[in-house]
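Biologist: I'm new to this one. Can you walk me through it?
Modeller: Sure, take a look and ask away.

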Amino acid sequence: MTKKMEPKKEPQPPLIDQLTDYAETRIKLAKYKAIDGGSSVIASIIADVLVLISMVLAFIFASFTLAFYLATVFDGSLWKGFGCVTLIYLVIAIVFKVNKAGFERPIANTFIRKFFKN
C-alpha cells in the first residue's frame with residue numbers, strides 16, 4: 001500500500017494565546033469605534049457652532065438694519081427706532097419665558113439625537 005502524503009499541520013497555538021489575541025483585537029476595535037463616534041460628534045458640534053455664530057451675526061445686523069429703518073419711519077428719531085426693536089425682543093423673551101417647558105424638550109431631544117446618531 002502506498003501512503004498518501006498528508007500536508008503538515010502546524011500546531012495550533014494554545015487556547016490562552018488565542019483568547020489573548022482575540023481580546024486584544026476586540027479592545028482595538030472598541031477604541032477605533034469610540035474614536036470614530038467621538039470625532040463625528042465633535043465635527044458635527046463644530047459645524048453647528050459655526051452655523052450658529054453666522055446666524056447670530058446675521059441676526060445682530062438685521063436688528064440694526066430694522067432699528068435704523070424704524071428710525072427713518074419715526075422722522076429720524078434713533079431712540080424710537082432702537083426702542084421699538086427692544087420692545088419686539090422683550091415680547092419675544094416673554095413668550096419664550098412663558099412657554100419655557102414647550103421649548104426645552106425639543107432642544108434636549110435634538111442634542112440627544114445628535115450625540116447618539118451612530
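**Surface, shape and one salt bridge**

Biologist: What share of the exposed area do carbon and sulfur atoms supply?
Modeller: They supply 72%. The protein chain exposes about 10,900 Å². Keep in mind that this is a predicted model.

Biologist: How many residues count as buried?
Modeller: Of the 118 residues of the protein chain, 8% do.

Biologist: And the overall shape? What is the radius of gyration of the protein chain?
Modeller: The value is 32 Å. A compact globule of 118 residues would come out near 13 Å. Along the principal axes, the C-alpha atoms fill a box of roughly 120 × 30 × 25 Å.

Biologist: Which pattern does the protein chain follow along the sequence?
Modeller: The pattern reads α-α-α. That is three helices and zero strands.

Biologist: Switching to charges. How many side chains are positive, and how many negative?
Modeller: The protein chain has 15 positive and 9 negative ones. The centres of the two sets lie 5 Å apart.

Biologist: How many salt bridges does the structure hold?
Modeller: One. K100 pairs with E104. Their closest N and O atoms are 3.7 Å apart.

Biologist: Where do K100 and E104 lie?
Modeller: Both lie in helix α3, residues 100-115. They are four residues apart, about one turn of the helix.

Biologist: Why does K100 count as partly exposed?
Modeller: Because its relative accessible area is 44%, and partly exposed runs between 20% and 50%. E104 is also partly exposed, at 43% relative accessibility.

Notes:
Residues numbered from 1 in each chain as written. Predicted model: local features only at pLDDT ≥ 70, side-chain atom pairs only at ≥ 80, totals over all residues. Heavy atoms only, no water. Helix = DSSP H or I, 4+ residues; strand = E, 2+ residues; numbered from the N terminus. Rg over C-alpha atoms; globule rule 2.2 N^0.38 Å. Buried < 20%, exposed > 50% of the residue type's maximum accessible area, 1.4 Å probe, protein only. Areas by Shrake-Rupley, 256 points an atom, 1.4 Å probe, with all protein chains shown as cover. Lys, Arg positive; Asp, Glu negative; His and termini not counted. Charge placed at Lys NZ, Arg CZ, Asp CG, Glu CD. Salt bridge = Lys/Arg side-chain N within 4 Å of Asp/Glu carboxyl O.
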